[in-house]
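This report covers burial, packing, open space and charge pairs in one model. Have the coordinates open while reading.

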Amino acid sequence: MRIPIAIIGQAAGMASFPYLSRLWSEKKFSDYVDTLLGEISKLWALGPIAAIFVVFYATSLTHCIYGGGKLTVFDLNETASVLEIFGTGIFFWASQILLSRGFYAAQRTWLPSVLGTVLSALMVPVYFYLSNKYSYRGLAMAGTLGIFIYCGILWIMLRGHVAQVVPGYDYKAFYQFLLKWSGVIVVVGLVSFGLSKLGIYQGTRFSAFADVSLGALVVGGGTLWGLRTMTPKDFF
């Protein structure tokens with residue numbers, strides 16, 4: 001689960017942070033917002049796709065990585081079930097890195113930190129409740145729910161932050177892309193679901209590797225095709 005977050009989220013956040021900081025210091029606020037929303041669009045293009053892949057191939061991924069050791073079939077299946085839950089939060093875990101950088105670049109480093117601390121404290125009872133009811137799956141549910149809420153609040157606060165420096169900013173193109181790419185996400189999800197039901201994975205490590213490889217090839221190829229046909233040439 002951490003691998004796509006590191007590749008997508010950290011790359012977008014770390015790469016854009018110096019440029020966002022420079023734009024803010026030079027008071028080029030419109031360019032600052034354009035750049036930030038552009039990076040968020042890239043996360044939307046890749047984050048949900050990574051989540052789909054991890055969720056639908058959780059069992060094969062788990063067996064491919066951890067198979068052949070002391071873990072039993074039961075252990076592998078239970079680990080995969082938790083990975084499925086964590087996988088649904090990949091986009092939000094990656095997004096919070098970039099959304100926080102939006103405030104850091106504007107020299108408001110305290111805001112995401114305070115929000116995260118307060119939300120963590122408020123989520124403690126949720127962790128207790130869900131873990132008591134659903135065991136370790138409940139812990140994964142609580143973590144995914146927490147990051148979803150955190151990202152939602154960060155986005156609302158970022159909208160208010162943008163309104164202060166660029167009043168009346170037009171989000172039309174941004175939301176149009178999100179909506180358009182949602183269609184690609186749905187198609188990739190349906191294809192991934194279909195591939196995962198072909199029965200390539202037969203409970204062996206080799207079949208798990210074959211299942212993951214085919215899924216990565218098809219999902220990766222479909223995503224690349226979508227990016228080339230539906231986004232500007234300088235998008236990536």
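In α3, five residues are buried: Ala58, Ser60, Leu61, Thr62 and His63. Buried means under 20% relative accessible area, exposed means over 50%, and partly exposed lies in between (1.4 Å probe, protein chains only). Helices here are DSSP runs of H or I with at least four residues, and strands are E runs of at least two, numbered from the N terminus. The cover over the buried residues of α3 includes α2, α4 and α9. Contact means heavy atoms within 4.5 Å. Just after α3, Gly68 takes a positive phi of about 90°.

The model is predicted: local features need pLDDT of at least 70, side-chain atom pairs count only at pLDDT 80 or more, and totals for chains, interfaces and linings use all residues. Residues are numbered from 1 along each chain as its sequence is written, and side-chain values use heavy atoms, with hydrogens and water left out.

## Pocket and cavity

Which residues lie nearest the centre of the largest pocket? They are Met1, Ile3, Pro4, Val54 and Leu61, out of 24 lining residues. Leu61 is also one of the buried residues of α3. The volume of this pocket is about 640 Å³.

The search uses a 1 Å grid over the protein atoms alone. A pocket is an open set of points with protein on both sides within 12 Å along at least five of seven lines. A cavity is a set of points where a 1.4 Å probe fits but cannot get out. Lining residues have an atom within 4 Å of a point. Grid points are joined across faces, edges and corners, and a volume is the space filled by probe spheres set on the points.

Five helices each supply at least two residues of the pocket lining: α1 (2–25), α2 (29–56), α3 (58–66), α4 (73–87) and α9 (205–230). By class, the lining has 19 nonpolar, four polar and one charged residues. Ala, Val, Leu, Ile, Met, Phe, Trp, Tyr, Cys and Pro count as nonpolar; Asp, Glu, Lys and Arg count as charged; the others, Gly among them, count as polar.

How many cavities of 30 Å³ or more are there? The count comes to one. The largest cavity holds about 30 Å³ of space. Its lining consists of Val33, Leu36, Leu37, Trp155, Leu158, Arg159, Val162 and Tyr171. α2 and α7 (136–165) each supply at least two of the lining residues. α7 gives the most, with four. By class, seven of the lining residues are nonpolar, none is polar and one is charged.

## Nonpolar core

A nonpolar core is a set of buried Ala, Val, Leu, Ile, Met, Phe, Trp, Tyr and Cys residues joined through side-chain atoms within 4.5 Å. The largest one has 57 residues, and Tyr32, Ile40 and Trp181 have the most contacts inside it. α2 gives the most to this core, with 13 residues. Leaving aside residues up to four places away in sequence, Tyr32 touches Leu20, Leu23, Trp24, Gly102, Phe103, Ala105, Ala106 and His161.

## Salt bridges

A salt bridge is a side-chain nitrogen of Lys or Arg within 4 Å of a carboxyl oxygen of Asp or Glu. The whole structure has four. Among them are these:

| Pair | Closest N to O |
|---|---|
| Arg22 and Glu26 | 3.6 Å |
| Lys28 and Glu26 | 3.3 Å |
| Glu39 and Lys42 | 3.3 Å |

Arg22, Glu26 and Lys28 are linked in a network. Arg22 is partly exposed at 40% relative accessibility. Glu26 is partly exposed at 37%, and Lys28 is partly exposed at 38%.

Glu39 and Lys42 both lie in α2, three residues apart, about one turn of the helix. An α-helix has 3.6 residues a turn, so residues three or four places apart point the same way. Is Glu39 buried or exposed? Glu39 counts as buried, because its relative accessibility is 13%. Lys42 is partly exposed, with a relative accessible area of 22%.

## Exposed positions

Leu179 lies in helix α8 (residues 172–196). Leu179 is exposed, because its relative accessible area is 65%. The C-alpha atoms of Leu179 and Arg2 are separated by 26 Å, at 177 residues apart along the chain.

Arg228 sits in helix α9. Arg228 is exposed, with a relative accessible area of 67%. The C-alpha atoms of Arg228 and Leu61 are separated by 28 Å, at 167 residues apart along the chain.
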